[in-house]
Amino acid sequence: MATQTPELQPVQPKLGVGFLKNNLREYGLLLSLVVIMVFFQVETNGTLFQPLNLTNLILQNSYIIVMALGMLLVIVCGHIDLSVGSVSGFVGACAAVLMVNHGVHFVVATLICLALGAVIGAAQGYWVAFYKIPSFIVTLAGMLVFKGLALAVLEGSSVGPFPEDFQLLSTGFIPDPFHGENLRIASLVAGLLMALVLLVGKVRGRAERVKHGMESEPAIVFMVKNLIFAGMIGALSYLLASYKGLPNVLIVMLLLMLVYDFVTSRTTVGRRIYALGGNEKAARLSGIKTERLTFYTFVNMGVLSALAGLIFAARLNTATPKAGLGFELDVIAACFIGGASASGGVGKVLGAVIGAFIMGVMNNGMSIMGIGIDYQQVIKGLVLLAAVCVDVYNKKK
Amino acid sequence: MGPVQQRTGPFSCNKNRHRHSDMAEPILQMRGIRKSFHGVKALSNVNLTVQAGEIHAIVGENGAGKSTLMKVLSGVYAHGDFEGEIQFLGQDCRFTGIADSEHKGIIIIHQELALVPLLSIAENIFLGNEQAHLGVIDWAKSFVKTQELLKKVGLKESPSALITNLGVGKQQLIEIAKALSKDVKLLILDEPTASLNETDSDALLELLLDLKRHGITCILISHKLNEIAKVADNITVLRDGATAATLDCRADKISEDTVIRHMVGREMADRYPRRTPCIGDKVFEVKNWKVQHEVHRERPVIKGVDLHVNRGEIVGIAGLMGAGRTELAMSIFGRTYGRDISGQVFLHGKPIDTSTVQKAIDNRIAYVTEDRKGYGLVLEETIAWNTTLANLEAVSRNTIIDEGREFKVAEDYRRKLNIRSPDVFARTVNLSGGNQQKVVLSKWLFSDPEVLILDEPTRGIDVGAKYEIYTIIAQLAAEGKCVLMISSEMPELLGMCDRICVLNEGRFVAEFSAAEATQEKIMRSIVASGVN
């Protein structure tokens, strides 16, 4: 989470409540996710947190989260990518044709598809970065182009099923050498280990900042926050372990999340992307190669869209012309609910992930409650609007 | 571009502006104005009396409460949001919004102009006040009325010209024309000449005097004391949210030092730090530098400039706006301006490559922009973040940023440059202009330059902070850096530089040593070069 909180007054450790009030945005998001989860847990009579449903929830949202990581960077850069849904559908279609129709080995096909994603991202980023054509228009064009291409590649029909090895990307779980009866012990241990590693990392980071007098977050807030966080991961892995264990795709997702969080918050590249989105002219005058950076952001988005397309195809076990339809809306909504700013320069990776989960939990919960797809959309739209309104209101204050 | 033009309006100016007038009834009285934000006092006790038909200047350091006061007066802060009373034209006023105060004839022109660039002059002037019948605009009427208004402010542009094609100076006049179209009684100008060159500033000030003769009262907020001395009848000095003094310029001559003393609340012995220049060998040199216009490629902007700066020397570049000073600096610094750039740059006698910003930085050149909000800072981010932006390598290992080191660096500069903020995690958007400028300076000092190009380093900064910036510049020169200082404020160049080069229309037209330079000589060299 936040490593530097811009606080004007140095906060005394005792003022935990005051600090929370001033940083509502940071914690409000996590809090709303918890509230929404509890709400649906109660409303669905405990179905939401059942291991089976929880596993489904993760599988259903994995591809949205993967794309949200890339979209966040694009949005922080001050751009938007409307083509991600079509691109993921197109790449899924290509994967199907390669593996099913031409019998290409799944590893080779996967690599080809990821490379294809990079090329697509480069093709769009080229116009945005070097020719300064608004990304909205370039990617709107891309959306149409790749939707059409997906249809063409599949010749209008569905292609499947995929080889079993490939399906494991979405439907597989990490193996359990201990052969636990009702509990996948390896999964549980992996989950707990991860919680511990995260906790240790946070504590060490904090110690470092305290040493330099850079910390403004009160110790009590820090402890409560991270214990809740670690507890949630622990509980989650316990629940998942009591079903089939941790899904492979969850591992992929978590690794990507950690990498992107680290890159955006700790590396020079991440720093430069925020500078570019915050003030492009100032960034350029500070020696940042703004055009190249924008270009690579789109390349990155293309690769992640391709990965999402593969995950989705593997999950459905077939590539259909309709795959990826409307994904871009969920992805973009996740970023904005997660606190990204449409004008660029603002947004956090973890925010986008939480945003995606808020959308996912709502989808899932409302479906279980039997709310029709019609009103689900209405409610999701209103939640997006409300989230951004709260953001804008907070900023004005 | 011509030299100093004599503006010829329909009511041309003569010198006896003191000859008027009945000053019985004040047009505006503000008494005991108090306003606080979240418990922080912005205005603690302001009294302001403006006589009808005068030009009343309001001066004060940044943060003294000038803009807050004007927001109170123009109804941005509605009645009840503040304490105190306002009397305008003998009536108690309780404005609920800007529309309210405009209705009474109080019109404010902000520093950031509020014109729509891609609409025409006529459309802008009657924006929100369209000359229309039942929603259908009467273009002929708008056109004729606009022409009349333009004549009044001394512009010859066609009413259908687009705002975006006009210079800032003319845009400022359009704003005034817009105010005149609304039957203005009290015109408030917030730093109207901040981004104008001397010619345009003079034209604007003359216009204010003309308006005054036509009974329009004017409040002028400005940092430029010499301009105030030219036109103001009364000066109200604000300090720390209270009225520090009201000075009558007609009664006796007010010296700038008097005004400054009231502004800062102390005697300012020197406006520039004393320095003993210690000038060494030639370090930085530019030869035969030529630049074409960025958009209009066929138009030369810099027409073959030779320039050198010695070790420990401060070289000033004087010139009017549009002379090509910023263009010269930016084209040298990573070709961030212009096309078809030719010429050579030398450091210690060796030719260096400055074709990208990164290469320029690597060759130890730094450029501190004239527009710190637009080109200098990422405003949403913190002081520490901005300080290291141009030299992230120095605080990172294997592209991973060491936040501890970054913090130390930023904290170090915060102390050295005396940036007023409790820590380096304050967002730069919340800092005053002077402190923002210091953050931009920190950023470039941290890139460890040998040559510093400072473009208008004290623009829009209050007197106290200016002195601090000057001290920093003097210190840099004393450390042996080469400083190239671009400024529109001639006293600043005269006070700080060892040598002043005068740029006009893309050429150096004169060069003066510190000893021989005077404001008149510089102006004369510009005018003389413009004639042929």
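**Exercise 1.** In this predicted model, work out how H11(A) and H13(A) are oriented to each other.

*Solution.* H11(A) and H13(A) turn out to be roughly perpendicular to each other. Let's see where that comes from. Start with the axes: helix H11 of chain A covers residues 268–278, helix H13 of chain A covers residues 290–316, and their axes cross at roughly 110°. Next, bring in the cut-off: angles from 65 to 115 degrees count as roughly perpendicular. The axes also come within 10 Å. Now look at who does the touching. H11(A) brings A:Arg272, A:Ile273 and A:Leu276, and these meet A:Thr290, A:Leu293, A:Thr294 and A:Thr297 of H13(A). Sort them by class and you get three nonpolar, three polar and one charged.

**Exercise 2.** Describe the contact of H10(A) with H15(A).

*Solution.* Geometry first: helix H10 (residues 248–266) and helix H15 (residues 349–369) of chain A have axes that come within 9 Å and cross at roughly 140°. Then pick out the residues. On the H10(A) side they are A:Met257, A:Tyr260, A:Asp261 and A:Thr264, while H15(A) puts in A:Val349, A:Leu350 and A:Val353. Finally, the classes: five are nonpolar, one is polar and one is charged.

**Exercise 3.** Which strands stand at the edges of the open six-stranded sheet in chain B?

*Solution.* Write down the order, S18-S21-S22-S15-S23-S24, and note that the pairing is mixed. Read off the ends: S18 (365–368) and S24 (507–513) of chain B each have a single partner strand, so one side of each is left without a neighbour in the sheet. As for twist, neighbouring strands are turned by 20° against each other on average, ignoring direction.

Now zoom in on one pair. S15 (residues 314–318) and S22 (residues 482–486) of chain B run in the parallel sense, joined over four bridges. Take B:Val315: its bridge partner in S22(B) is B:Leu484. To finish, add the helix that lies across S15, S21 (451–455) and S22 of chain B: this is H15 of chain B (residues 463–478), running at about 145° to S22(B).

**Exercise 4.** Which element gives the most to the side of chain B that touches chain A?

*Solution.* Begin with the totals: 31 residues come from chain B and 28 from chain A. List the elements of chain B that each supply at least two residues: H10 (357–362), H11 (372–376), S20 (400–401) and H13 (403–416). H13(B) gives the most, with four residues. By class, the chain B side has 16 nonpolar, nine polar and six charged residues.

Notes
Residues numbered from 1 in each chain as written. Chains lettered and ligands numbered in written order. Predicted model: local features only at pLDDT ≥ 70, side-chain atom pairs only at ≥ 80, totals over all residues. Axes fitted to C-alpha atoms, helices over the stretch in contact; angles between N-to-C directions. Parallel < 35°, antiparallel > 145°, perpendicular 65-115°, else oblique. Contact = placed C-beta atoms within 7 Å. Nonpolar A, V, L, I, M, F, W, Y, C, P; charged D, E, K, R; others polar. Pairing = 2+ DSSP bridges.
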